[in-house]
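I opened my notebook to look around a protein model, one stop at a time. Come along and check each stop with me.

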Amino acid sequence: MKVNGKHFRSIWLEGKKIKVIDQRNLPHKFEIEELTNLEEVITAIKDMHVRGAPLIGATAGFGMYLAVKKAEEKKSEEIIEESAKQLIQARPTAVDLKWTVEKQLKEIKKGNSFKEKKEIAFKTAKKITDNSAEQCRKIGEFGVKLIKEISEKKKAKTVNILTHCNAGWLACVDFGTATAPIYKAQKNGIKIHVWVDETRPRLQGMLTSWELMQQKIPHTIIADNTGGHLMQKGLVDLCITGADRVALNGDAANKIGTYLKALAAKDNEIPFYVALPSSTFDLNLENGKNIPIEERNENEIKFIKGLNKEKITEVLIAPEKSSARNFGFDVTPARLIAGLITEKGICKLDKKSILKLFPEFKKRLINDLNE
Ligand code: MRU
């Protein structure tokens, strides 16, 4: 998508150089980082230079390429498995990470020499990244139908969409998951307005607003607890969020606070949709009960970062000695979700419908049982 009129993806190649947008200082500073070794990739994922389930996955794909490069230099096969473990542990909730690393391990095994393995890992990482962008583009094509229907019902008056966190192109490779239908609606000339939850504590809502601002989409930032009130007042027509891990029954883990929005949407009979690519399904989980929830450093809650006289500064907002707990995600039960917007279409919330839309999952489930 566009940054100051120029097209960017959140991760890209310049020859064999791996470039990402370092998102830590956005929306104030647009900074580009090159990832040159596995350690840098792990730090970038852990410390959220890159974030969002699909982008974490794509970055880890290149992390595996760098791991094979290191294995070649040190002439040690073990480095590959060890690096895979380290990468998977970097962030626990976003399942795209595990999916990519396991896919890479499978592909890398096909190479007979380090050189071959390295080439395979590079090609696979590139393919995963390109596919990820294409999946989001398709999510947009399917999701826009929902917006169009509402717009027609409202006789072309503005459709108000509420989103939580950042499930935009910054969190993916391009287009975003939750935002792809919004971008497509704009392209199709549908009048839209987006309510953007600020999303404490890391304020990913500011990333969403920055994206929407760049694309000239009307939007308004709201404090996290505002959504319910807006819904009661008839100011929200549709909710779309992303997801970090979705179980086979449709229970969906997403940024902390998503569950409360889904509850409020149900109470107000507002459709609540979750947009995700197939790599965000966890085929090992029948329901969301066992989705690991990342707990991050308490300082992300006690301190807040912003721009002060052109300098990015962090300030303490809590009593210094108070303790805080920082749960990164929550699980929205499938019963609160109207549908899953995927690259293959919009899917109902049950295992049968998910497997019908993704018959390839059945094969993977059987293979896993046989392994
Ligand atoms: O902690 P983050 O910023 O990596 O959280 C991920 C997210 O941005 C959201 O939960 C998002 O809605 C899913 S990723 C498209």
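Below are my entries on a sheet, a glutamine, two cysteines and a ligand.

**Entry 1: the sheet**

I started by reminding myself that this is a predicted model. Which strands make up the open sheet, and in what order? I found 3 strands, arranged as β3-β4-β5, with antiparallel pairing. Next I looked for the edges: β3 (11–14) and β5 (31–35) each pair on one side only. I also looked up the twist, and neighbouring strands in this sheet are turned by 35° against each other on average, ignoring direction.

Then I followed one pair along its length. Strand β4, residues 17–22, pairs with β5 over 5 bridges in the antiparallel sense. If you want a spot to find by eye, try D22, which stands opposite E31 in β5.

What packs on this sheet? I traced helix α2, residues 53–74, and saw that α2 touches β3, β4 and β5. The direction of α2 makes about 35° with that of β3.

**Entry 2: Q104**

My next stop was Q104, which sits in helix α4, residues 95–108. Is Q104 buried or exposed? Q104 is buried, with a relative accessible area of 0%. I then asked what Q104 touches beyond the residues up to four places away in sequence, and the list is G61, M64, Y65, A121, T124 and A125. With A121 I could add a distance: its backbone oxygen lies 2.9 Å from a polar atom of the Q104 side chain.

**Entry 3: the cysteines**

How many disulfides does a search of the whole structure find? The count is 0. A disulfide is a covalent bond between the sulfur atoms of two cysteines. I checked C136, and the closest cysteine sulfur, in C172, is 4.0 Å from its own sulfur. Why is there no bond here? The two sulfurs do not bond because 4.0 Å is too far, the cut-off being 2.5 Å. I noted burial as well: C136 is buried at 0% relative accessible area, and C172 counts as buried at 1%.

**Entry 4: the ligand**

I finished at the ligand, which 18 residues surround. The closest are R51, R91, D244, N254 and K255. I wrote down three distances to oxygen atoms of the ligand:

- A polar side-chain atom of R51 lies 2.5 Å from a ligand oxygen.
- From N166, a backbone N or O atom lies 2.8 Å from a ligand oxygen.
- In Q204, an N or O atom of the side chain is 2.8 Å from a ligand oxygen.

Notes: Residues are numbered from 1 along each chain as its sequence is written. This is a predicted model: local features need pLDDT of at least 70, side-chain atom pairs count only at pLDDT 80 or more; totals for chains, interfaces and linings use all residues. Side-chain values use heavy atoms; hydrogens and water are left out. Two strands pair if DSSP finds at least two bridges between them. Helices (H or I, at least four residues) and strands (E, at least two) are DSSP runs, numbered from the N terminus. Axes are lines fitted to C-alpha atoms, for helices over the stretch in contact, and angles run from 0 to 180 degrees between N-to-C directions. Contact means heavy atoms within 4.5 Å. Buried means under 20% relative accessible area, exposed over 50%, partly exposed in between (1.4 Å probe, protein chains only). A polar contact is a pair of N or O atoms within 3.5 Å; within protein, one must be able to donate a hydrogen and the other to accept it, and residues adjacent in sequence count only if both atoms are side-chain atoms. A residue is near a molecule or strand if one of its heavy atoms lies within 4 Å of it.
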